[in-house]
Amino acid sequence: MNLRFWFPVLCLGLSMTPSLAADPPQPRSCRQSALSRVQRHTIAPGETLASIARQYDLLESTLMGMNPALRNGTAPVGTAILIPPYNGIRVEVAAGTTWQDLADRYNVRADTLFEVNGCQANPTVAFIPGANWSPLEQTGGGTREGSIAQILSVYPLPSESPVLVEYGWVLTPRSSEVVFHSGVDLLAPVGTTVESAGAGTVAFAGEQGIYGNLVVINHSEGRQTRYAHLETIAVRVGQPVEAGTPVGTVGQTGTPDTDEPHLHFEVRYNSELGWVAEDPAVYWRSMSAARR
Ligand SMILES: [Zn+2]
């Protein structure tokens, strides 16, 4: 019996035997798959979807995705539900689908998916860490271009900037932990003008925790952009803005993920479960086309 699978490194998964373990190269971090670590929880009187989510430090949407019984927002007492080890969604995997296919679809690294799923060669179900379950958007974000891309047509800084920290599961420069980064960090000096990526209405303008000075703009088609760690804010709540309207300047307020000055820029879409972050990189092409 050959237990070895190549993807992208030789990995022996859970069935590793002492004799095979000596084969080079050694597996990296192939431990139990996320789905094999799912716990059961029986809903007790007084518990709510929100309280269970808090208890396990998960998003309500993660619990709703794993448990159809919770999707109307209630928590029926006595119901046994499944609790994954961290946020994400469980997906059926069609025969012939590769980890790279899933990585492309969900904006998660292929090697991360492989390891999170116990280094299986041909999974029939997989757990996608960080993907948000949504009744509207089963793909949890992804590449919707065309009319939606036109809504966000302006790059948020005067010139294209290097990405310091990407969207998704990342090792932040500040910690040695893998965390979910809900936007991109674009390198820019303090004081650089930050512009609205599209026409819309200012939904928030002020100080908000780790975001520091934050501007949130609601656009059409259920899209929202967020501009964080600003030094100054140039708009007020309720103000209509055009694509390219200055909303503030780059700063270092709040708790940035890196010490280098940058704009933390997020794109979110509205689902029944709230504002779900998606990868801003999806929009770079339409933004660069409109850059002046
Ligand atoms: Zn950031």
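These are my notebook entries on a predicted model of one chain.

**Entry 1: overall make-up and confidence.** I began with the whole chain, whose secondary structure comes to seven helices and 18 strands, and I noted that buried residues make up 40% of its 292 residues. Of the contacts with a separation of 6 or more, 63% are between residues 24 or more positions apart. The average pLDDT is 79, and 79% of the residues score at least 70. I then looked up the extremes, and found confidence lowest in strand E2 (residues 10-11), with a mean of 28, and highest in E16, at 98. Residues 1-27 stay under 50 in pLDDT, and the model has 35 contacts for them beyond four places in sequence. Residues 136-146 are also below 50, with 21 contacts beyond near neighbours in sequence, and I read both stretches with caution.

**Entry 2: the nonpolar cores.** I looked next at the largest nonpolar core, which has 32 residues, and listed those with the most contacts inside it, among them Val194, Leu214, Tyr227 and Leu230. The elements that give two or more residues to this core include strand E12 (200-207), strand E13 (213-218), strand E14 (223-233) and strand E17 (262-271). A second, separate core has 28 residues, including Ala34, Ile52, Leu63 and Val116. Returning to Leu230, I listed its contacts, leaving out residues up to four places away in sequence, and found among them Val194, Leu214, Val215, Gly248 and Val250.

**Entry 3: His219.** I located His219 in the loop between E13 and E14, and asked myself whether His219 is buried or exposed. His219 counts as buried, because 23 C-beta neighbours lie inside 10 Å, and the cut-off for buried is 20 or more. Not counting residues up to four places away in sequence, His219 touches Ile151, Leu152, Gly198, Ala199, Gly200, Gln224 and Thr225. I also checked His219 against Ala203, which is 16 residues apart from it in sequence and 9.7 Å apart in space, C-alpha to C-alpha.

**Entry 4: two positive phi values.** Most residues other than glycine have a negative phi, so I wrote down two residues with positive values. Asp57, in the loop between helix H2 (49-55) and helix H3 (60-66), has a phi near 55°. Cys119, in the loop between helix H5 (110-116) and strand E6 (125-129), has a phi near 60°. I then looked up the surroundings of each: Asp57 counts as exposed, because it has 8 C-beta neighbours inside 10 Å, whereas Cys119 is buried, with 25 other C-beta atoms within 10 Å.

Conventions: Residues numbered from 1 in each chain as written. Predicted model: local features only at pLDDT ≥ 70, side-chain atom pairs only at ≥ 80, totals over all residues. Core = buried A, V, L, I, M, F, W, Y, C linked by C-beta atoms within 7 Å. Buried ≥ 20, exposed ≤ 12 C-beta atoms within 10 Å, placed from the backbone. Helix = DSSP H or I, 4+ residues; strand = E, 2+ residues; numbered from the N terminus. Contact = placed C-beta atoms within 7 Å. pLDDT = per-residue confidence, 0-100.
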